[in-house]
Structure formats: structure tokens, C-alpha cells
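Me: I'd like a close look at just one part of this protein. Could you walk me through it slowly?

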Amino acid sequence: MTTLQGKIAFVTGGSKGIGFACAHRLARNGSNVFLAASHPGRLENATAKIIESTGRRVWYHAADLRTLDGCKSAAEALEADCGRCDILVNCAGATRGGLFPDQPDEEMIDGFALKFHGAVRMSRLLWPMLAKSGGTVVNIVGGFARAPSADFMVGGAVNAALANFSKALAEQGLRDDVNVNWIHPGLTVTDRLERIFSDRAEQQGKSRAEVEEQLVAQEGIRRLGMPEDVASLVAFLCSSEARHIHGTGIAVDGGGAKGYQ
């Protein structure tokens with residue numbers, strides 16, 4: 001197991017899904033973790049689970065990371081409670097699928113507000129601490145960044161923007177000794193995937209099970225991904241062994257992406 005003993009890891013969207021899995025794995029590997037998300041009850045439950053299973057120190061802060069004020073309050077809480085930041089995992093964000101002619105403007109705006117602008121703001125606000133510690137940033141992006149879909153334009157556009165930002169941030173990271181990478185999860189079992197299945201089932205007049213079977217067949221994969229598949233890579237990318245991996249987007253999709261870039 002890769003050790004991250006004594007590190008402070010800040011994880012957005014850490015109350016559930018991939019974000020929770022990342023926070024839990026980082027704690028298992030020795031980090032103390034700070035969770036930021038919008039729902040206080042889920043954050044409290046996630047904190048208790050991580051403490052019980054790992055014995056690590058865990059803090060949390062509830063804030064709307066769609067807003068600059070929410071991001072600032074989370075950064076201020078981290079600095080007050082921990083005084084440092086070694087790892088930033090930007091995982092907050094849920095974008096909706098939909099048929100483009102019918103999709104309201106608000107869904108595109110909301111998709112960018114949380115996943116893209118939230119990640120940009122948290123990276124900027126925590127950058128001084130990350131530079132001081134020679135830290136690591138891992139952004140959880142998504143395969144739709146490289147595989148546009150007419151039924152998932154919001155997610156594809158947001159993911160593509162976040163991947164482009166991540167590559168530029170990696171260049172800044174070379175100047176300031178901060179490692180930056182990003183991950184493209186494929187079809188992964190989360191509440192968000194359930195919403196995608198439900199949305200597509202409604203759009204296509206199929207059952208949820210039929211949509212899952214169709215998408216798995218289209219991807220040509222053995223199984224759906226699990227949040228822990230992503231979390232394992234996050235933990236490695238945050239370790240000293242991965243320091244020479246920099247400015248890279250890595251797919252965790254069971255071979256679903258057929259291109260080589």
C-alpha cells in the first residue's frame with residue numbers, strides 16, 4: 001500500500017460516490033482528510049465512516065461550491081482546521097444528460113458552476129498551500145470530455161473544459177512544484193450514473209435495465225466501474241512514486257475508450 005502518512009487531503013464532493021471513495025482510500029493510506037460538499041448530513045455520515053474504518057482525523061465543511069463565497073468558506077475552514085494542504089482532489093459536480101433541443105439553459109450553467117468553476121476556484125484558493133508543500137492536484141473529469149454525445153452535451157462540454165484547464169494548471173505546477181493530473185472515469189456505479197440511466201431510459205422509452213445493458217455493450221467492457229477503481233489511482237497519483245507522472249489524463253473505464261489519446 002502506498003503511504004501518504006501525515007498528509008492533509010482536501011476532497012470536494014467527498015460525501016458520496018467517487019469523492020467519498022477517494023477520501024476513504026487516501027485515509028486508508030495514511031492521510032488526514034477534509035471533506036467539502038453541500039449536504040451537512042451526508043458529510044457527517046461520511047466523516048463518521050472514514051474515522052471508524054481508518055482511525056484518521058477527518059474534518060468537513062458544508063458549502064455550495066457553485067459560488068465563490070462557498071469555495072472561499074471551504075478554503076478558510078481548511079486553513080483554520082489544518083493549516084496546510086498537501087493534496088487537492090476536485091470531485092464535486094453532477095451534470096445532467098438530456099436531449100439538446102429540450103434542455104434548459106439553466107442545466108448548462110449549473111453544470112459549469114459546480115464542476116468547472118468550483119474546481120478552478122478551489123485550485124486557485126488552495127494553490128499557495130499546495131505550492132508550499134510541493135503538493136498534488138487530481139481532478140476527476142470524465143470520459144465524455146473525449147467522447148462527445150448528443151444526449152450528454154452538458155457533461156461533455158464541462159468535462160472538456162476541465163480537462164483543458166487541468167493541462168494548463170499542470171504547466172503552472174511545473175513552475176511551482178505542484179503535481180497535476182486528471183482522471184477520466186468511465187461508466188461507474190454512482191448516484192450520478194443512476195440518473196444518467198434513468199434520463200436515457202425516459203428519453204428512449206426503455207427500462208433502466210435495458211439502458212444499462214445497451215451502454216455496457218456499446219462500451220465493450222466487462223463490467224461497470226466502481227468508485228474504488230478511481231480511488232486506487234488517485235491514491236497512487238498522490239504518492240511520491242507517481243511524481244514523474246504529470247500533466248496527464250488517465251482513463252479508468254475498463255477499456256471503453258477506443259482511441260489512443
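How many residues of the lining of the largest cavity are nonpolar, polar and charged?

Reply: Happy to! Keep in mind that this is a predicted model. The lining of the largest cavity divides into 6 nonpolar residues, 3 polar ones and 1 charged one. Let's put names to them: the lining is made up of Thr12, Leu65, Asn90, Cys91, Ala92, Leu114, Lys115, Gly118, Ala119 and Met122. Helix H4, which covers residues 105–133, gives the largest share of that lining, with 5 residues. It helps to know that an α-helix has 3.6 residues a turn, so residues three or four places apart point the same way. As for the space itself, the largest cavity holds about 40 Å³, and the structure has 1 cavity of 30 Å³ or more.

While you're looking at the inside, try helix H8 (residues 227–237) too. Its buried residues are Pro227, Val230, Ala231, Leu233, Val234, Ala235 and Leu237. Among the elements that cover those buried residues of H8 are helix H1 (17–28) and the strands E4 (87–90), E5 (136–140), E6 (179–185) and E7 (249–252).

H1 also leads us to one last spot, serine 31, which sits in the loop between H1 and strand E2 (32–37). Serine 31 counts as buried because its relative accessibility is 0%, and buried means under 20%. What does serine 31 touch, leaving aside its neighbours within four places in sequence? Its contacts there are Leu4, Lys7, Ala9, Leu26, Arg56 and Ile87.

Definitions and conventions:
Residues are numbered from 1 along each chain as its sequence is written. This is a predicted model: local features need pLDDT of at least 70, side-chain atom pairs count only at pLDDT 80 or more; totals for chains, interfaces and linings use all residues. Side-chain values use heavy atoms; hydrogens and water are left out. On a 1 Å grid over the protein atoms alone, a cavity is a set of points where a 1.4 Å probe fits but cannot get out, and a pocket is an open set with protein on both sides within 12 Å along at least five of seven lines; lining residues have an atom within 4 Å of a point. Grid points are joined across faces, edges and corners, and a volume is the space filled by probe spheres set on the points. Helices (H or I, at least four residues) and strands (E, at least two) are DSSP runs, numbered from the N terminus. Ala, Val, Leu, Ile, Met, Phe, Trp, Tyr, Cys and Pro count as nonpolar, Asp, Glu, Lys and Arg as charged, and the others, Gly among them, as polar. Buried means under 20% relative accessible area, exposed over 50%, partly exposed in between (1.4 Å probe, protein chains only). Contact means heavy atoms within 4.5 Å.
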